[in-house]
Amino acid sequence: MKRITAASLIALGALSLTACNDAPHLINHGPDSITVSGSGDISAQPDIFRVVATASEQGDDIAAMKSRVDDTVADMLDLADDLDIEEKQVRASDLRVQPQWQYQPERKLIGHQVSRDVTFRANGLETYTQLLDGLTKQGLRDIRPAGTEVSNADELANQALEKAVADARQRASIIAEAADRELGKAIQIQAQDFPPQPVMMMARSEKSGNADSYRPGETDITARVQITFELD
């Protein structure tokens, strides 16, 4: 058990005790109670990885550039099929055509850029690294990580909530014992910011295509509750 100081006990919860008052007309018939906050943390490694790759061409012949971009996108979709990434987890954007300007010594149109994005959602670190390796081998120069997910986030959120309730009860027990009272049943429970949102911790990766060289970091899922207990 953590060492708790007297000052910490005050911060842990608001102790509300019904006291007898000398004035007979001031009588509180409510139960003695204590209100405390509790938190629970669960850490997990992400297992779903999002990647965005962009196929782009620059020049004057928009039709020819569109054809090359579409071919590159088709190759990316074939790679996703080869890696058994489901069709619903791959999204190809519409074509974008943007003018390219030269501003010095004067503003002048020098061509266009034609591009399309493909967003992948890869399950598992191994598939993720194979996807990056395959996109690199296709000659793509614009490949960007687009975030991570934890597949069982709902289950972990429930575990974090259970830990938060247990933490609140432990805090209340410490305060009740210090006040020479018995902790009773919970009479009011409020879950704060539930379901909790995962918070991604620092992650890093190497340039190698080996899965062992990637470190996806950890995701922290935190639940917080506020509970009022009766005091016997």
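## A salt bridge within helix 4

At 26% relative accessibility, Arg-171 counts as partly exposed, whereas Asp-167, at 16% relative accessibility, counts as buried. In this predicted model, the side chains of these two residues, Arg-171 and Asp-167, meet in a salt bridge with an N to O distance of 3.0 Å. Both residues belong to helix 4, where they stand 4 residues apart, about one turn of the helix.

## The chain as a whole

The chain contains 4 helices and 12 strands, and of its 232 residues 32% count as buried. Among the contacts with a separation of 6 or more, 74% come from residues 24 or more positions apart. The accessible area that the chain exposes is about 14,700 Å², and carbon and sulfur atoms supply 47% of it.

## Strands around strand 6

Strand 6 is a partner in several pairings. Strand 3 and strand 6 run antiparallel and are joined by 12 bridges, with Gly-59 standing opposite His-112 of strand 6. Strand 4 also runs antiparallel to strand 6, and 3 bridges join the two; here Val-90 stands opposite Phe-120 in strand 6.

Strand 5 pairs with strand 6 in the antiparallel sense over 7 bridges, and the two form a hairpin with 5 residues between them. Gln-102 stands opposite Lys-108 in strand 6. The loop between strand 5 and strand 6 holds Pro-105, and the peptide bond from Gln-104 to Pro-105 is cis, with omega near 0°.

## Two nonpolar cores

The largest nonpolar core has 22 residues, of which Met-76, Ile-85, Phe-120, Leu-131 and Leu-135 touch the most other members. Strand 3 (48-59), helix 2 (62-82), strand 6 (108-123) and helix 3 (125-137) are the elements that give two or more residues to this core, and helix 2 gives the most, with 6 residues. Apart from this core lies another, of 20 residues, which includes Val-36, Val-150, Ala-164 and Leu-231.

What does Ile-85 touch, when residues up to four places away in sequence are not counted? The residues touched by Ile-85 are Ala-80, Val-90, Arg-121, Ala-122, Thr-127 and Leu-131.

## Other salt bridges

A search of the whole structure finds 11 salt bridges, and among them is a pair in helix 2, where the side chains of Lys-66 and Asp-70 meet at 2.7 Å, N to O. Lys-66 and Asp-70 lie 4 residues apart in helix 2, about one turn of the helix. Lys-66 is partly exposed at 37% relative accessibility, and Asp-70 is partly exposed as well, with a relative accessible area of 22%.

A further salt bridge brings together the side chains of Asp-117 and Arg-96, at 3.1 Å from N to O. Because Asp-117 lies in strand 6 and Arg-96 in strand 5, the pair ties together parts that are 21 residues apart in sequence. Asp-117 counts as buried, at 17% relative accessibility, while Arg-96, with a relative accessible area of 31%, is partly exposed. Arg-50, Arg-121 and Glu-149 are linked in a network of salt bridges.

## Asp-142 and its contacts

Asp-142 is found in strand 7, which covers residues 142-149, and is partly exposed, with a relative accessible area of 32%. Although Asp-142 and Ala-53 are 89 residues apart in sequence, their C-alpha atoms are 5.7 Å apart in space. Leaving aside neighbours within four places in sequence, Asp-142 is in contact with Val-52, Ala-53 and Thr-54.

## Loops and surface

Most residues other than glycine have a negative phi. Asp-84, however, has a positive phi, near 60°; Asp-84 lies in the loop between helix 2 and strand 4 and counts as exposed, at 69% relative accessibility. Asp-180 likewise has a positive phi near 60°, and is found in the loop between helix 4 (153-178) and strand 8 (183-192). At 70% relative accessibility, Asp-180 counts as exposed.

Which residues form a nonpolar patch on the surface? The patch consists of Ile-62, Leu-95 and Val-97, which together have about 200 Å² of accessible area. Leu-95 has its place in the loop between strand 4 (90-92) and strand 5 (96-102), and is partly exposed, with a relative accessible area of 32%.

Notes. Residues numbered from 1 in each chain as written. Predicted model: local features only at pLDDT ≥ 70, side-chain atom pairs only at ≥ 80, totals over all residues. Heavy atoms only, no water. Patch = residues over 30% accessible without salt bridge, like charges linked within 9 Å, V, L, I, M, F, W, Y side chains within 5 Å. Areas by Shrake-Rupley, 256 points an atom, 1.4 Å probe, with all protein chains shown as cover. Salt bridge = Lys/Arg side-chain N within 4 Å of Asp/Glu carboxyl O. Buried < 20%, exposed > 50% of the residue type's maximum accessible area, 1.4 Å probe, protein only. Core = buried A, V, L, I, M, F, W, Y, C linked by side-chain atoms within 4.5 Å. Contact = heavy atoms within 4.5 Å. Pairing = 2+ DSSP bridges.
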